[in-house]
There are 2 protein chains.
Amino acid sequence: MDVISENRAFGGVQGVYRHSSHSCGCEMTFGLFLPEEARDGPVPVLWYLSGLTCTHENAMVKAGAQGWAAEQGIALVFPDTSPRGDAVADDDAFDLGQGAGFYVNATQKPWAPHYRMWDYVAEDLPSMLQEEFPLDMARQAITGHSMGGHGALTLAMSLPGRFRSVSAFAPICNPMASDWGAKQFAAYLGGDEAQWAAHDASHLMRERGFDGPVLVDTGTDDQFYDFLRPAALADAVVERRQVASLRLQKGYDHSYFFVSSFMEDHVAFHAEALYAG
Amino acid sequence: MDVISENRAFGGVQGVYRHSSHSCGCEMTFGLFLPEEARDGPVPVLWYLSGLTCTHENAMVKAGAQGWAAEQGIALVFPDTSPRGDAVADDDAFDLGQGAGFYVNATQKPWAPHYRMWDYVAEDLPSMLQEEFPLDMARQAITGHSMGGHGALTLAMSLPGRFRSVSAFAPICNPMASDWGAKQFAAYLGGDEAQWAAHDASHLMRERGFDGPVLVDTGTDDQFYDFLRPAALADAVVERRQVASLRLQKGYDHSYFFVSSFMEDHVAFHAEALYAG
């Protein structure tokens, strides 16, 4: 593991590190914020999965999460959104290929060799983090924005017991039925829609739900509202009687200004779950 | 004035606007955060002047100031750091020309026609803001980072009565005696060092001081510590018996992680002055 940078922030350290990912078959870069408390022993972990076009860096510099995490003594992990590099397949569209991994394991050409973001976030990166940093992996929570909100919700519901709480900012709720989802699932997973369902938060909510609290914020002026399909998730939550807060926030759009505006709430929500019991 | 963007943020609006600047002789872009309270009437204003290489955007997305400003009901202005455009002189160095206006009025070729950032920040932009937005220009305060900290301190001391409080993050304290300053002053203002002194915070502190509170934070691990010359300002503050807090923050560097870590303190410091009396 290489240290790319370490900056003191809010009494802790915001680091950027590079490591070799077995799943993705390439070097991967991630951000990790460790609060001051990590000097004395393992701290709880909040994952933040980012959206289309983002690297590890966007949320790290724009979401304003570190101050709240420092206050709660929680670490933050900022993974990249896809494999990277000249040897990694890509596409000219912003919503396919590098920067758009969609948190799935691709089975189709040309994506299959490197696009294994599910395994990367569910296995590779947690193993490495546990070895290298003072993190209490028995206390994890997960959040994300847009495509990352999709990732957070699907990982949380598919890995029962892993995360104590899940939240999302403007998540893609029903990718099977959206232009943000169907296109990418067809490319990465092929034409069999049964494979897609395992990566659709609304489908998973109907089938499995989540054993813990759920918080989702979406702006009423989100310019991608129709792509996100929040109604599909709301219907599934209601049908399942899932313990959840689904909030529509007046006038907010899809930007990091929206994310940062509600970050305090989300970190406090996760802290309550992470420090319970 | 053109609206470039308006995003809802922390109950208010983070806008980006473009206008024609008489002083700079070009189009200028700035950011303005208006808190929710601005709907009901004029609100106090905190200026944030940015450092080398920055546009209006860097602090707006990375300094984490809006949340604290919203809490205090204060507007934030984020000016650009220089004139811009193909017709505007530039230099290959990152610390001269576009992105490096140093908040002076250039008198020398090729800079004189457009590089009038002092007048832009002291006159042009305030006039326009007062006309177009619900801002209480009787209640202004100013801060900045690095080159912008230099700008904040020199403007505050040179325009008595304009700002109620001044603060800075890792300011260039003594540019006349620094490679961040002497080079640019020679280029913009010519060889007469008497002209430079009017733009040196440590000199102004000795000669004039500031009629209000001063707060300055600098990181002990700032990678540009020797360029900033904090001792020169500290000496002047002590000699003058200026009411001031000069703080060295352990382990922090020159980045926005440092700025955002102490933004809460700075906004609270200014709010106290802005709402006094």
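**Exercises on a predicted two-chain model**

Phe102(B) is buried, at 0% relative accessible area (buried means under 20%, exposed over 50%, partly exposed in between, with a 1.4 Å probe and protein chains only). This is a predicted model: local features need pLDDT of at least 70, side-chain atom pairs count only at pLDDT 80 or more, and totals for chains, interfaces and linings use all residues. Residues are numbered from 1 along each chain as its sequence is written, chains are lettered from A in the order in which they are written, and side-chain values use heavy atoms, without hydrogens and water.

**Exercise 1.** Place Phe102(B) and describe its phi.

*Solution.*
- Locate the residue: Phe102(B) sits in the loop between β5 and α3 of chain B.
- Read the backbone: phi of Phe102(B) is near 60°, a positive value in a residue other than glycine.
- Turn to chain A: Phe102(A) also has phi near 60°, lies in the loop between β5 and α3 of chain A, and is buried at 0% relative accessibility.

**Exercise 2.** Find the cis peptide bond in chain A and in chain B.

*Solution.*
- In chain A, the cis bond joins Lys109(A) and Pro110(A), with omega about -5°.
- Pro110(A) belongs to the loop between β5 (75-78) and α3 (117-132) of chain A.
- In chain B, Lys109(B) and Pro110(B) are joined by a cis bond, with omega about -5°.
- Pro110(B) falls in the loop between β5 (75-78) and α3 (117-132) of chain B.

**Exercise 3.** Describe the fold of chain A in numbers.

*Solution.*
- Count the elements: chain A has 10 helices and 9 strands (DSSP runs, H or I of at least four residues for helices, E of at least two for strands, numbered from the N terminus).
- Check compactness: the radius of gyration is 17 Å, close to the 19 Å of the globule rule for 277 residues, so chain A is as compact as a globular protein of that length (taken over C-alpha atoms; the rule is 2.2 Å times the number of residues to the power 0.38).
- Gauge burial: 63% of the 277 residues in chain A are buried.

**Exercise 4.** Describe the interface of chain B with chain A.

*Solution.*
- Count residues: 21 residues of chain B contact 21 residues of chain A (heavy atoms within 4.5 Å).
- Take the area: the two chains bury about 1600 Å² between them, 60% of it on carbon and sulfur atoms (accessible area, 1.4 Å probe, lost on being put together, summed over both).
- Name the main contributors: Arg8(B), Phe10(B) and Phe257(B) lose the most area in chain B, together 39% of what that side buries.
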